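Please open the model in a viewer and keep the selection tool at hand. The tour below proceeds by selection, with a short account of what is found at each stop.

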Amino acid sequence: MEENFVLSPTRNVDAFSQQNLHSLITEATPLAQSLTSKRRPHIAIGRGSNGLTYVGFDVELPDLPLNFSIHAVQFLVVSLKLNFDLALRDLAISNDGSHYYYAPCGHCCQFLQEINKDRSHDLIGLTAMTAARNSYAPYSNAPSGVVLYDRQGHKFSGSYIESVADIPSLGPVQAALVNFVIDTGGREFKNIVEAELVETRSRFRQEDTARMIMQKIAPGCKFNVYHCSHYRAESS
Ligand SMILES: [Zn+2]
């Protein structure tokens, strides 16, 4: 697997042939198994509008219920956004390392539909404020962003990505954790020592959930919350 779970175009010739997909999945399976307790984790492979191929994985958050898990398709979408890619052209999902491919779960179908509406939020910035500005929150109009810092001072930012059906929404902590997994290649969340959340004061606050997730996966992590005054989410 190449850096950042993105495959270069040279490597990517006919990535969506049956044979190529199978070898990509075989290569990605050990990493996928390290990110979840599932014996047969989902692996999502997608091709973006810039022709690059992205790989996404299920990520279980240790000591938290499964509904906090990041789905492989959500991982893929965050990776696409990190690479300023605007659209997903092809998608293949494997859940058993075989030649058989599956449709995204209902949760992710909804998520993908939302993302395809989103054309303006393709930048993920370096600060929690920028991350909040890059949220996709057209329903609650309550953008939020998170930056996580590890012991070495590396930053991992994430923006809230909302779905009208609510449950498939991806919280800013989970989005930042995708960034963490992409950069570090694993789930050593205990190395996270500080988290910053920026959000507006609204009834759709992320604070409690974000704080609870961080306490579970990185006990002792310092947690700072900043409330910005209400602003209109920039949208196209
Ligand atoms: Zn899913």
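Begin at G185, which lies just after helix α5 and takes a positive phi of about 75 degrees. The model is a predicted one, and this glycine offers a convenient entry to the helix that precedes it.

**Stop 1: helix α5**

Select residues 172-184, the 13 residues of α5. At 1.5 Å a residue, α5 should span 18 Å, and its end C-alpha atoms are indeed 18 Å apart, so expectation and model agree. Is α5 mostly covered or mostly open? It is mostly covered, with 11 of its 13 residues buried. The buried residues are P172, V173, Q174, A175, A176, L177, V178, N179, F180, V181 and I182.

Next, display the elements against which these buried residues pack. The helices among them are α2 (72-82), α4 (128-133) and α6 (207-217). The strands are β5 (144-150), β6 (155-159) and β7 (192-200).

**Stop 2: the contact of α2 with α5**

Keep α5 in view and add α2. The two helices pack at an angle of about 75 degrees, and their axes are 10 Å apart. An angle of 65 to 115 degrees counts as roughly perpendicular, and α2 and α5 are therefore roughly perpendicular to each other. To see the contact itself, show the side chains of F75, V78, S79 and L82 in α2, which meet A175, V178, N179 and I182 in α5. By class, this contact has six nonpolar residues, two polar residues and no charged ones.

**Stop 3: the open sheet**

Now select β1, β3, β2 and β4, which form an open sheet in that order with antiparallel pairing. β1 (6-7) and β4 stand at the edges, each with a single partner strand, so one side of each is left without a neighbour in the sheet. α2 also packs on this sheet, touching β1, β2, β3 and β4, and its direction makes about 140 degrees with that of β3. Then add helix α1 (residues 18-34), which lies across β2, β3 and β4 and runs at about 125 degrees to β2.

**Stop 4: strand β2**

Reduce the selection to residues 43-48. How many of the six residues of β2 are buried? Six of the six are, so the strand is largely enclosed by the rest of the structure. I43, I45 and R47 point one way from β2, while A44, G46 and G48 point the other way, and all are buried.

**Stop 5: the partners of β2**

Add β3 (residues 53-57), which pairs with β2 in the antiparallel sense over five bridges. For a point of reference in this pairing, select I45, which stands opposite V55 in β3. The hairpin of β2 and β3 has four residues between the strands, and in it G51 takes a positive phi near 85 degrees.

Then turn to β4 (residues 88-94), which runs antiparallel to β2 and is joined to it by six bridges. Here G48 of β2 stands opposite L88 in β4.

**Stop 6: the whole chain**

Finally, clear the selection and view the entire protein, which has six helices and eight strands. From the N terminus on, the elements run β-α-β-β-α-β-α-α-β-β-α-β-α-β. Of the 236 residues, 43% count as buried. Among contacts with a separation of 6 or more, 64% come from residues 24 or more positions apart.

Key
Residues are numbered from 1 along each chain as its sequence is written. This is a predicted model: local features need pLDDT of at least 70, side-chain atom pairs count only at pLDDT 80 or more; totals for chains, interfaces and linings use all residues. A residue is buried if 20 or more other C-beta atoms lie within 10 Å of its own, exposed if 12 or fewer, and partly exposed in between; C-beta atoms are placed from the backbone. Two strands pair if DSSP finds at least two bridges between them. The expected span of a helix is 1.5 Å times one less than its number of residues. Two residues are in contact if their C-beta atoms, placed from the backbone, lie within 7 Å. Axes are lines fitted to C-alpha atoms, for helices over the stretch in contact, and angles run from 0 to 180 degrees between N-to-C directions. Angles under 35 degrees count as roughly parallel, over 145 as roughly antiparallel, 65 to 115 as roughly perpendicular and the rest as oblique. Ala, Val, Leu, Ile, Met, Phe, Trp, Tyr, Cys and Pro count as nonpolar, Asp, Glu, Lys and Arg as charged, and the others, Gly among them, as polar.
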